Amino acid sequence: MEGRRGAADVQRNGENKKQHEAKKEQDEKKEEDISNNNNRDDQYSSSSSPRGVLESTRLGSSDLDNSSISSSDDRSSSFASSPSGELNQGVYWKNIFDQIKRRSMRRLSSIPLLGYEMILPKNIRRILSKNRSAEEEANDSDDIPKPSWRNFSYGELVEATDNFSPDKLIGQGGHADVYKGRLSDGQVVAVKKITKQEKNDEDKVDDFLSELGIIAHINHPNAAKLIGYSADGGLYLVLQYLHHGSLGSLIHGSDERLDWDIRYKVAAGIAEGLLYLHRECPKRIIHRDITASNILLTKDYEPQISDFGLAKWLPEKWVHHVVSPIEGTFGYMAPEYFMHGIVNEKTDVFAFGVLLLELITGRRAVDSYRKSLVLWAKPLLQKNNIKEIADPRLGDVYDVVEMKRAMFTALCCLHHLPDIRPNMKKVVQLLRGENAPVEMKQRSMGGRALMFSDEYTSTHYIQDLNRHMELVME
Ligand SMILES: Nc1ncnc2c1ncn2[C@@H]1O[C@H](COP(=O)(O)OP(=O)(O)OP(=O)(O)O)[C@@H](O)[C@H]1O
């Protein structure tokens, strides 16, 4: 299967879109605020050693007001605060979450076989209903339809998937087996059965609640759609079935050419989806594992961002998270992330740049000799060498203007300094051709590091990658 969480190696249409367009305008101001906020990254990077960053204190939600700089990788933080970031509600949420976990695990250990069935559905319903009420409050002003999730019984899933028949297995990730199923009402779904064999029950439940909490929270044409869940006889997510499977298998798993117009549509859709996650949904979500295997395609080749297993909520007042362990997929990780564990929107922007490169070149993020696509492509991007970089399978059948836009956008997204990378709003504009590259250059340079006389050469990137590999091997 495509793109396992290499960390794995390393540690491993229409209406909705219009509504989102309108909402984007309202978010202009919010964007400025966040940009200002992000500037604090500079102060931080210059005054803290990488070790200091990695050893940052574990913050509880009661520290929210003082935690504009970083947080630890506390899984419960996904549930620890209200969308409005109000302190009291944050503490309340953290307590609820801790209680649920304690109770679940007590019962799980005493009644191992019945634990999930007896406790989890109730807890999950409670969490989801709380999440939904908070979300409904935040969404009072817009018309985005409210989703309704179902709690499936094991029997229903067995029936839908012919008893999890191998014939129905459509995907296997590092942490899940995915089956195609048909519900009793005829709806075709994907049933994601969480495996995570390497994890204990408590961590599995934590991860499941975290992924479920995030996926239940999002609502966008370019992000995975949750239909329901089950904690009966295991942990399951029931998702909308996507006809074409993963972008990874389409672009790398077949000799058939994926036409340029589809590639460009996919790039634009992923950019829209990421913009939504970062700026438009009630909570800022960083995906952390944007890869070709985590982009799924509908019958019409509309892309959806899937697999929120590593996603993190970035509270309004936080500039970024600092996480440990560093998980993600080798070849897509931004330097500041794999070196220092720093996670913010720009982590996803870098990974999006790598995805753009895959669409442009048809090459994998890391080839069979573990060579990085970024290293190979950057000099060609800088020279604007279309002939050398474009997927030979495309021949001359591509729109040159779009190809140039995609190349320029990839170059910007792959800048080693996160602050110089464009945010997703800018990326969407660049891909639409709404902003001339010159303007982009002037704005982002702003008297600071030069985009094209990047002092952070390939040599530095190789050094960082090698150091990263050493750390992983230690
Ligand atoms: N909704 C869906 N419709 C069709 N195919 C799907 C769907 N969800 C997942 N798949 C297939 O299953 C594969 C694995 O799914 P997914 O990436 O969610 O698993 P995972 O174990 O969380 O992966 P990872 O190793 O990245 O953590 C996908 O690459 C895709 O081929």
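This report looks at two packed helices and the charged residues around them in a predicted model.

## How H10 and H12 pack

Let's start with the two helices themselves. H10 covers residues 260-280, and H12 covers residues 345-361. Their axes lie 10 Å apart and meet at an angle of about 175°. Because angles over 145 degrees count as roughly antiparallel, H10 and H12 are roughly antiparallel to each other.

On the H10 side, the contact is made by Trp 260, Arg 263, Val 266, Ala 267, Ile 270, Ala 271, Leu 274, His 278 and Arg 279. H12 contributes Glu 345, Asp 348, Phe 352, Leu 355, Leu 356, Leu 359 and Ile 360. Sorted by type, the contact residues come to eleven nonpolar, one polar and four charged.

Ile 262 also belongs to H10. Its relative accessible area is 17%, so Ile 262 is buried. Tyr 301 sits 39 residues from Ile 262 in sequence, yet their C-alpha atoms are 6.8 Å apart.

## Buried salt bridges

The model has 13 salt bridges, and two of them involve residues you have just met in the helix contact. Arg 263 pairs with Asp 391, with 3.0 Å between the closest N and O atoms. This bridge links distant parts of the chain, as Arg 263 is in H10 and Asp 391 is in the loop between H14 and H15, 128 residues apart. Arg 263 has 1% relative accessibility and so counts as buried; Asp 391, at 3%, is buried too.

On H12, Glu 345 forms a salt bridge with Arg 284, the closest N and O atoms being 3.5 Å apart. Here the partners are 61 residues apart, with Arg 284 in the loop between H10 and strand E7. Glu 345 is buried at a relative accessible area of 2%, and Arg 284 counts as buried at 3%.

## An exposed pair and a network

For contrast, take Lys 387 and Asp 396, whose side chains meet in a salt bridge of 3.4 Å, N to O. Lys 387 counts as exposed at 65% relative accessibility, and Asp 396 does as well at 62%. Elsewhere, salt bridges with shared partners join Lys 192, Glu 211 and Asp 307 into one network.

## A buried glutamate without a bridge

Glu 358, in H12, is worth a look: this residue is buried but has no salt bridge. The nearest side chain of opposite charge belongs to Arg 364, 6.7 Å away, while a salt bridge needs a separation within 4 Å.

Leaving aside residues up to four places away in sequence, Glu 358 touches Ile 251, His 252, Ala 292, Tyr 332, Arg 363, Arg 364, Ala 365 and Leu 373.

Conventions
Residues numbered from 1 in each chain as written. Predicted model: local features only at pLDDT ≥ 70, side-chain atom pairs only at ≥ 80, totals over all residues. Heavy atoms only, no water. Helix = DSSP H or I, 4+ residues; strand = E, 2+ residues; numbered from the N terminus. Buried < 20%, exposed > 50% of the residue type's maximum accessible area, 1.4 Å probe, protein only. Lys, Arg positive; Asp, Glu negative; His and termini not counted. Contact = heavy atoms within 4.5 Å. Axes fitted to C-alpha atoms, helices over the stretch in contact; angles between N-to-C directions. Parallel < 35°, antiparallel > 145°, perpendicular 65-115°, else oblique. Nonpolar A, V, L, I, M, F, W, Y, C, P; charged D, E, K, R; others polar.
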